[in-house]
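Let's take a walk through this structure together, starting with the whole chain and ending with a few individual residues. Please keep the view at hand as you read.

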Amino acid sequence: MYEAFYGLREKPFSILPDPDLIYWGQNHRLAFAMLEFGVMNRAGFTVITGEIGSGKTTLLRYLLRKLGPEITVGLISNTPQGREELMQFVLMSLDQPFEGSYAVLVRRFQDFLMEQYSSRGRTILIIDEAQNLASDTLEQLRMLSNINADKDQPLQLILVGQPQLKELLGSPQLAQFAQRISSDFHLRPLNNGEVAQYIDYRLNAVGARGRLFSPEACTMIAQASSGIPRAINILCDTALVYGFAARADQITIDVVHEVIEQKRHFGIFSR
């Protein structure tokens, strides 16, 4: 709608994860460095946490692009309950048969890992929204990580979740699990200065000329979004629609204020 009016090749503020438009602020650089460190050093467990919309899934998508063909990845976005359902989801994520008893499923998984290992491959299991896992399910993941081949570890696990995951892993009943975590990072929100840089970066990446959002507008967006990238995207995308409708050359604080007031009617950005 507004792309042609503002000279943009595409929408700069989609709420869908887009690895091509990652803003590499300090936090995101560090988070990705820890992800890469975990993969390169064959860490048993890597844990990345952050608020909803902070960019965790986007970093995962970027990581997946960089992995070589020798690495098989299983991605679980659901929340399995119980050990049998966990094994079914694990095997499904790896495109393996998932019928049978728990013992059959575990054996099939072990055989898959050893087959990968014998062909000089390895397996990474990624569990998104891991804060929803029960303690006994996390303990079952720890048991799966005991599958070793000589001194190497054919299975690596990456857990990604909201801040509650940190609290869960800090509980006494998961002390053994926590000891297996080799790499972890908490992705914090952007500060006010980073929000302005984030907005300019995303706009420049799709062809914007000049500063489309005024400094005051960026400050207001930073405050209303609390520095969460997804919330920034929602505000900026809507502000561009409003700006286009008003034929405004620049998105000013007045436009952003109007957007925020409208969002508040629906219970969004009420703080």
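The report below covers the overall fold, the main pocket, three helices that pack together, and some single residues.

This is a predicted model, so to speak of local features a pLDDT of at least 70 is needed, and side-chain atom pairs count only at pLDDT 80 or more, while totals for chains, interfaces and linings use all residues. Residues are numbered from 1 along each chain as its sequence is written, and side-chain values use heavy atoms, with hydrogens and water left out.

**The chain as a whole**

The secondary structure comes to 11 helices and five strands; helices (H or I, at least four residues) and strands (E, at least two) are DSSP runs, numbered from the N terminus. Along the principal axes, the C-alpha atoms fill a box of roughly 65 × 35 × 30 Å. Of the 271 residues in the chain, 49% are buried. Here buried means under 20% relative accessible area, exposed means over 50%, and partly exposed is in between (1.4 Å probe, protein chains only). Among the contacts in the chain with a separation of 6 or more, 74% are between residues 24 or more positions apart, where contact means heavy atoms within 4.5 Å.

**The largest pocket**

Rolling a probe the size of a water molecule over the atoms shows where empty space is left. On a 1 Å grid over the protein atoms alone, a pocket is an open set of points where a 1.4 Å probe fits, with protein on both sides within 12 Å along at least five of seven lines; lining residues have an atom within 4 Å of a point. The largest pocket has a volume of about 420 Å³, a volume being the space filled by probe spheres set on the grid points, which are joined across faces, edges and corners.

Which residues are closest to the centre of the largest pocket? Of the 26 that line the pocket, they are Gly53, Ser54, Gly55, Lys56 and Thr58. Helices α2 (56-66), α8 (192-205) and α10 (229-245) each supply at least two residues of the lining, and α2 gives the largest share, four residues. By type, the lining divides into 11 nonpolar, nine polar and six charged residues. In this count Ala, Val, Leu, Ile, Met, Phe, Trp, Tyr, Cys and Pro are nonpolar, Asp, Glu, Lys and Arg are charged, and the others, Gly among them, are polar.

**Helices α9, α10 and α11**

Let's turn to the packing of three helices. The buried residues of α9 (215-225) are Ala217, Cys218, Met220, Ile221, Ala222, Ala224 and Ser225, and they pack against α8, α10 and α11.

Helix α10 has 17 residues and reaches 24 Å from its first C-alpha to its last, close to the 24 Å expected at 1.5 Å a residue; the expected span is 1.5 Å times one less than the number of residues. Its buried residues include Pro229, Ile232, Leu235, Cys236, Asp237 and Leu240. The buried residues of α10 pack against α1 (26-40), α8, α9 and α11.

In α11 (residues 253-264), 12 residues should span 16 Å, and the end C-alpha atoms are 16 Å apart, which agrees. Val255, Val256, Val259, Ile260 and Lys263 are buried in α11. They cover an arc of only 135° around the axis, which puts them on the same side of α11; the arc is that of the directions from the helix axis to the C-beta atoms. An α-helix has 3.6 residues a turn, so residues three or four places apart point the same way. The buried residues of α11 pack against α9 and α10.

**Positive phi values**

Most residues other than glycine have a negative phi. The table gathers some residues with a positive value.

| Residue | Phi | Place |
|---|---|---|
| Aspartate 95 | about 60° | loop between α3 (83-93) and α4 (102-118) |
| Serine 226 | near 60° | loop between α9 and α10 |
| Arginine 247 | near 55° | follows α10 |

Aspartate 95 counts as exposed, at 70% relative accessibility, whereas serine 226 counts as partly exposed at 30%.

**Two pairs far apart in sequence**

Leucine 30 is found in helix α1 and is partly exposed, with a relative accessible area of 38%. Leucine 30 and phenylalanine 185 are 155 residues apart in sequence, yet 7.8 Å apart in space, C-alpha to C-alpha.

Glutamine 164 lies in helix α6 (residues 164-169) and counts as partly exposed at 38% relative accessibility. The C-alpha atoms of glutamine 164 and isoleucine 52 are separated by 11 Å, with their positions 112 residues apart along the chain.
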